[in-house]
Amino acid sequence: MVLLSFDIEEFDMPFEYKGEISFEQQISISQKGVERILDILKKHHAKATFFSTVVFAENSKELIRRLLNEGHELASHTWFHSDFEEKHLKESKERLEELFSTQVTGLRMPRMMPVSKNAVENAGYSYNSSINPTYLPGRYNNLKISRTYFNEGKVLQIPASVSPNFRIPLFWLSFHNFPLFFYKKLASDVLKKDKYLNIYFHPWEFAEIKDEAFKLPGFTVKNSGNDMIERFDEFVSWLKSKNYSFGTFQEFQKQIQP
């Protein structure tokens, strides 16, 4: 099973690089990206999971309703993208459920931040996908954590996929910067070894973000916008040609924990 997921959030990444962006731009850029993602998924009849901040969801209700109506799963990306308190775990879950009358069972922390396993369990989540089991300078060193799913208390931990050899991450930056044939090779290796693939993206990758005011480095904007739309469309077509199935995290959890 292929687990496509998207962290839908206010696009505040320019602030990491001392760039400038208004709140309205943060929301509209991500909204445009979500629309384009949904169009591609609809074209290929592929299901996915969307981890949303409450801030983005409250400003994008029609888009969230659309993704739910088209069979996708809504999960929590906490309340804000760049401000976190432990209480936001439970509050974001409850707010998303209240707004959209759907069951929110999954969590992904912004920027794959570490989070207390007890706090996640106490907030009522049944799975957490907040671990990138690799080494990324300046971000995290998770080389000693299992690269495949495992149980921690009552919570199923579903790390992002990395290659079986050398733990090369298949996250969004790899998709933008590796040659597509090489990324496909890594994805194929993971699917053969693990029988599933967990990869994540963001809506703003599918929008126009090459704005000088944002001050984003080249490796973050390479193959973004229309190039990303074409690249992702080709990748999903390739996965379909190999007869891989697409599912939500909830469906995956039911499959491995019947």
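**Close-up views around strand 10**

**View 1. Strand 10 in the predicted model is mostly covered.** Strand 10 spans residues 197-201, and five of its five residues are buried. L197, I199 and F201 point one way from the strand. N198 and Y200 point the other way. Residues of both sets are buried.

**View 2. Strand 1 runs parallel to strand 10.** Strand 1 covers residues 2-8. Five bridges join strand 1 to strand 10. One pairing to pick out is F6, whose bridge partner in strand 10 is F201.

**View 3. F201 and its contacts.** Neighbours within four places in sequence are left aside here. F201 is then in contact with S5, F6 and D7. Its other contacts are W172, F175, Y183, F206, M228 and F232.

**View 4. The largest nonpolar core has 70 residues.** L4, F6, F201 and F232 have the most contacts inside this core. Helix 1 (residues 23-44) supplies the largest share, seven residues. Another core, of ten residues, lies apart from it. Among its members are L3, A75, Y127 and I158. In soluble globular proteins, nonpolar side chains tend to be buried together.

**View 5. H202 lies in the loop between strand 10 and helix 8 (218-221).** H202 counts as buried because its relative accessibility is 7%, and the cut-off for buried is under 20%. H202 touches D7, E9, I37 and W172, with residues up to four places away in sequence not counted. D7 and W172 are also among the contacts of F201.

Key. Residues are numbered from 1 along each chain as its sequence is written. This is a predicted model: local features need pLDDT of at least 70, side-chain atom pairs count only at pLDDT 80 or more; totals for chains, interfaces and linings use all residues. Side-chain values use heavy atoms; hydrogens and water are left out. Buried means under 20% relative accessible area, exposed over 50%, partly exposed in between (1.4 Å probe, protein chains only). Helices (H or I, at least four residues) and strands (E, at least two) are DSSP runs, numbered from the N terminus. Two strands pair if DSSP finds at least two bridges between them. A nonpolar core is a set of buried Ala, Val, Leu, Ile, Met, Phe, Trp, Tyr and Cys residues joined through side-chain atoms within 4.5 Å. Contact means heavy atoms within 4.5 Å.
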